[in-house]
Amino acid sequence: MQNQNFPAYVFATVNPGHAKNVVEELKKNENIDLVAPVTGRFDLALRIKQTTPEQIYQVVRWIRQVPGIQMTQTLFGFNGFRNGLALQSHMPLGISLFNVTSPIETVINQLKSFPGLIEAWTVPGQFDIVALWQAKTADEIAKATFEKFPTLQGIAKSETLLAYAPIFKA
C-alpha cells in the first residue's frame with residue numbers, strides 16, 4: 001500500500017477558564033502547525049502537519065489528553081489544494097466548513113478564485129469541504145461569508161469559524 005500524507009484538522013472544545021493553558025500546551029507540540037482560538041461551535045481549530053494517518057492518530061490521542069480539552073473532532077483532507085500563499089499570523093483567519101449539493105470538485109474549483117484562500121480540502125464526515133482563508137480584517141471575513149459564499153454554486157450550508165489571533169508554526 002502506498003503511504004500518502006494528508007492534512008488533518010482538529011476542532012476542540014475546552015473547559016471554561018482553561019483556554020490559555022490549553023493553547024500554551026498545544027503550542028509545544030511540533031506536529032501542530034496551527035493553533036487558532038475561534039468563534040463558533042468550537043473553541044480551537046488546529047492543523048496537524050501533513051503526515052501519515054498513523055502519526056495523525058498519535059497526535060490526536062495526545063491532544064485529547066491535554067488537561068482542559070473537553071471534546072475533539074478530526075477531519076482528514078483527501079483531495080484539494082494549497083495555493084502557495086503563506087499564512088500570516090498578523091491577519092485574522094477564517095475556517096469555513098461546507099456542505100455541498102454539487103460535485104465537490106466543482107465547489108473547490110470555485111473556491112480557488114476566492115480572494116485570500118489559502119487551502120481547501122474535501123473531508124469525509126459531517127462536512128464536505130474545509131477551507132482556510134485570510135483577510136486584512138475580521139470584518140472582511142464576516143462580509144465575505146455573507147456576500148460571497150451565497151454566490152458559490154452547489155453550497156447547501158456553510159459555517160465559518162473566525163480566529164482573530166491565529167498562531168502558526170513553520
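**Strands, helices and buried residues in a predicted model**

In β10, the bridge partner of L34 is F168. This pair comes from a predicted model. Strand β10 spans residues 167-168 and is joined to β2 by two bridges. The two strands run antiparallel. L34 also stands opposite R47, a residue of β3.

The pairing of β2 with β3 is antiparallel as well, and it extends over five bridges. Together β2 and β3 form a hairpin, with six residues between them. The turn contains G40, which has a positive phi of about 115°. How far is β2 enclosed by the rest of the structure? Five of its six residues are buried, so β2 is largely enclosed.

Helix α2 covers residues 53-64. Its 12 residues reach 16 Å from the first C-alpha to the last. That span is close to the 16 Å expected at 1.5 Å a residue. The buried residues of α2 are I56, V59, V60 and I63. They cover an arc of only 100° around the axis, so they lie on the same side of α2. Several elements cover these buried residues. Among them are strands β1 (6-14), β2 (32-37), β3 (44-51) and β4, together with helix α1 (19-27).

Strand β4 comprises residues 69-76 and includes Q73. Q73 has a relative accessible area of 18%. Buried means under 20%, and Q73 is therefore classed as buried. The side chain of Q73 makes a polar contact with the side chain of Q126, at 3.2 Å. Beyond residues up to four places away in sequence, Q73 touches Y9, V10, F11, F42, Q126 and F127.

An open sheet is built from five strands. Their order is β5-β7-β8-β6-β9, and the pairing is antiparallel. Which strands form the edges? They are β5 and β9 (155-163), each of which pairs on one side only. From one strand to the next, the twist averages 20°. At the β5 edge, the partner is β7 (residues 117-122), and the two strands pair in the antiparallel sense over three bridges. One residue pair in this region is G80 with W121, the latter being the bridge partner in β7.

Two helices are associated with this sheet. Helix α3 (residues 104-111) lies across β5, β6, β7, β8 (129-134) and β9. It runs at about 175° to β7. Helix α4 (residues 138-147) also packs on the sheet, where it touches β6, β8 and β9. The direction of α4 makes about 170° with that of β9.

Which residues of α3 are buried? They are V107, I108, Q110 and L111. Their arc around the axis is only 160°, so these residues fall on the same side of α3. The buried residues of α3 pack against β5, β6, β7, β8 and β9.

Within the sheet, I95 belongs to strand β6. Its relative accessibility is 2%, so I95 counts as buried. Apart from neighbours within four places in sequence, I95 is in contact with F11, V38, A45, V130, A131, L132, E159, T160 and L161. I95 and N79 are 16 residues apart along the chain, and their C-alpha atoms are separated by 17 Å.

L87 lies outside the strands, in the loop between β5 (80-82) and β6 (93-100). Is this loop residue buried or exposed? L87 is buried, with a relative accessible area of 17%. Leaving aside neighbours within four places in sequence, its contacts are R47, L93, I118, Q134 and F168. Two of these residues have appeared above: F168 is the bridge partner of L34 in β10, and R47 stands opposite L34 in β3. L87 and L117 are 30 residues apart along the chain, with their C-alpha atoms separated by 9.8 Å.

Conventions:
Residues are numbered from 1 along each chain as its sequence is written. This is a predicted model: local features need pLDDT of at least 70, side-chain atom pairs count only at pLDDT 80 or more; totals for chains, interfaces and linings use all residues. Side-chain values use heavy atoms; hydrogens and water are left out. Helices (H or I, at least four residues) and strands (E, at least two) are DSSP runs, numbered from the N terminus. Buried means under 20% relative accessible area, exposed over 50%, partly exposed in between (1.4 Å probe, protein chains only). Contact means heavy atoms within 4.5 Å. Two strands pair if DSSP finds at least two bridges between them. Axes are lines fitted to C-alpha atoms, for helices over the stretch in contact, and angles run from 0 to 180 degrees between N-to-C directions. A polar contact is a pair of N or O atoms within 3.5 Å; within protein, one must be able to donate a hydrogen and the other to accept it, and residues adjacent in sequence count only if both atoms are side-chain atoms. The expected span of a helix is 1.5 Å times one less than its number of residues. The arc is that of the directions from the helix axis to the C-beta atoms.
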